[in-house]
Amino acid sequence: MPITYTTAQSDEELRQIMALQRQNLYKNTPATYQQDQGFTTVEHSFEVLKQMNDALPQIIAKDGDALAGYALAMPRTFGQLVPELVPMFDIVAELDWQGKRIKDYRFYVMGQICIAESHRGQGIFDGLYTAHKEQFSPDFELCVTEVAVRNTRSQRAHERVGFRTIYTYEDYTDVWNVVVWDWS
């Protein structure tokens, strides 16, 4: 069955996102797995994920009824909603891109991307970001996110689809590259 890209429409799909997220959390995976396959950092509660989905549709990849992957979206107004993301939201607002402050662009934050292990290497990462661009480019000029420096698989994948690193910083959880995808 072909992979379909859509938006999360039900509480069950949000729970599937949370389950895939938990499977790939850095605290739930060995270091060797993280180096080879990547990892997720933030664990969203159902309430937060529901608020995110109400604000901006969450993009998912489906293989029949099974979740093959997801790429979360957060409006900039959610900067204080997830404690682990507060440093990034604070930093992003003050960064420059193409001679202008990012806060002066119409931008959103890509909150996290994850592909089910059984579906990796099938182009789903790129497909999720294509779906993001189709969904959000009418309303936004930039997609901004951060990638842990040690998550080299994710960094390479983000660069492949068009993200550029504009800043590196360290917080209480990791060392991060802030990356921007410019659609303007």
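# Notebook: a seven-stranded sheet and its helices

**Entry 1: the sheet.** I started with the open sheet, where seven strands line up in the order S1-S2-S3-S6-S7-S9-S8 and the pairing is mixed. I then looked for the edges. They are strand S1 (4-7) and strand S8 (164-170); each has a single partner strand, so one side of each has no neighbour in the sheet. Going from one strand to the next, I get an average twist of 25 degrees. Note to self: this is a predicted model.

A reminder from class: strands in a sheet pair through backbone hydrogen bonds, in a parallel or an antiparallel way.

**Entry 2: the whole protein.** I took stock of the secondary structure next, and it comes to six helices and nine strands. Of the 184 residues, 53% are buried. I also checked contacts between residues at least 6 apart in sequence: 68% of them join residues at least 24 apart.

**Entry 3: S8 and S9.** In which sense do S8 and strand S9 pair, parallel or antiparallel? I found them antiparallel, with six bridges between S8 and S9 (residues 175-182). A hairpin of four residues takes the chain from S8 to S9. I picked out two of the facing pairs. Thr165 has Val179 of S9 as its bridge partner, and Thr168 sits opposite Asn177 of S9.

**Entry 4: S7.** How many residues of S7 are buried? I counted seven of the seven, so this strand is largely enclosed by the rest of the structure. Both faces are covered: Leu142, Val144, Glu146 and Ala148 are buried on one side, and Cys143, Thr145 and Val147 are buried on the other. I noticed that Glu146 is in that buried list. S7 runs parallel to S6, and three bridges join the two. In one of the pairings, Phe107 has Leu142 of S7 as its bridge partner.

**Entry 5: H4 on the sheet.** I moved on to helix H4 (residues 86-94). H4 lies across strand S3 (66-75), strand S6 (107-115), strand S7 (142-148), S8 and S9, and its direction is at about 125 degrees to S8. Helix H5 (residues 124-136) packs on the sheet too, touching S1, strand S2 (59-63), S3, S6, S7 and S9. The direction of H5 makes about 155 degrees with that of S6.

Which residues of H4 are buried? I listed Val86, Pro87, Met88, Phe89 and Val92. These buried residues pack against S3, S6, S7, S8 and S9.

**Entry 6: H5 meets H6.** For two packed helices, the usual description is the angle between their axes plus the distance between the axes. I looked up both for H5 and helix H6 (residues 152-161): their axes come within 10 Å and cross at roughly 50 degrees. An angle from 35 up to 65 degrees counts as oblique, and H5 and H6 are therefore oblique to each other. The crossing of H5 past H6 is right-handed. On the H5 side the contact uses Phe125, Asp126 and Tyr129, and on the H6 side Ala157, His158, Arg160 and Val161. Sorted by class, I have four nonpolar, one polar and two charged residues in this contact.

**Entry 7: Trp181.** I wanted to follow one residue of S9, so I chose Trp181, which lies in that strand. Is Trp181 buried or exposed? The cut-off for buried is under 20% relative accessible area, and Trp181 comes out at 10%, so it is buried. Leaving out residues up to four places away in sequence, Trp181 touches Tyr129, Lys133, Glu141, Leu142, Cys143, Val161, Gly162 and Phe163. I also looked up His158: it is 23 residues from Trp181 along the chain, and their C-alpha atoms are 8.8 Å apart.

**Entry 8: two exposed residues.** I finished with Gln98 and Asp54. Gln98 is in the loop between strand S4 (96-97) and strand S5 (100-101). Its phi is near 55 degrees, a positive value although Gln98 is not glycine. That caught my eye because most residues other than glycine have a negative phi. Gln98 is exposed, with a relative accessible area of 60%.

Asp54 belongs to helix H3 (residues 46-55). Asp54 is exposed as well, at 59% relative accessible area. Asp54 and Ala8 are 46 residues apart in sequence, and from C-alpha to C-alpha they are 10.0 Å apart.

Conventions:
Residues are numbered from 1 along each chain as its sequence is written. This is a predicted model: local features need pLDDT of at least 70, side-chain atom pairs count only at pLDDT 80 or more; totals for chains, interfaces and linings use all residues. Side-chain values use heavy atoms; hydrogens and water are left out. Two strands pair if DSSP finds at least two bridges between them. Axes are lines fitted to C-alpha atoms, for helices over the stretch in contact, and angles run from 0 to 180 degrees between N-to-C directions. Contact means heavy atoms within 4.5 Å. Angles under 35 degrees count as roughly parallel, over 145 as roughly antiparallel, 65 to 115 as roughly perpendicular and the rest as oblique. A crossing is left-handed if the near helix is turned anticlockwise from the far one by less than a right angle, and right-handed if clockwise. Ala, Val, Leu, Ile, Met, Phe, Trp, Tyr, Cys and Pro count as nonpolar, Asp, Glu, Lys and Arg as charged, and the others, Gly among them, as polar. Buried means under 20% relative accessible area, exposed over 50%, partly exposed in between (1.4 Å probe, protein chains only).
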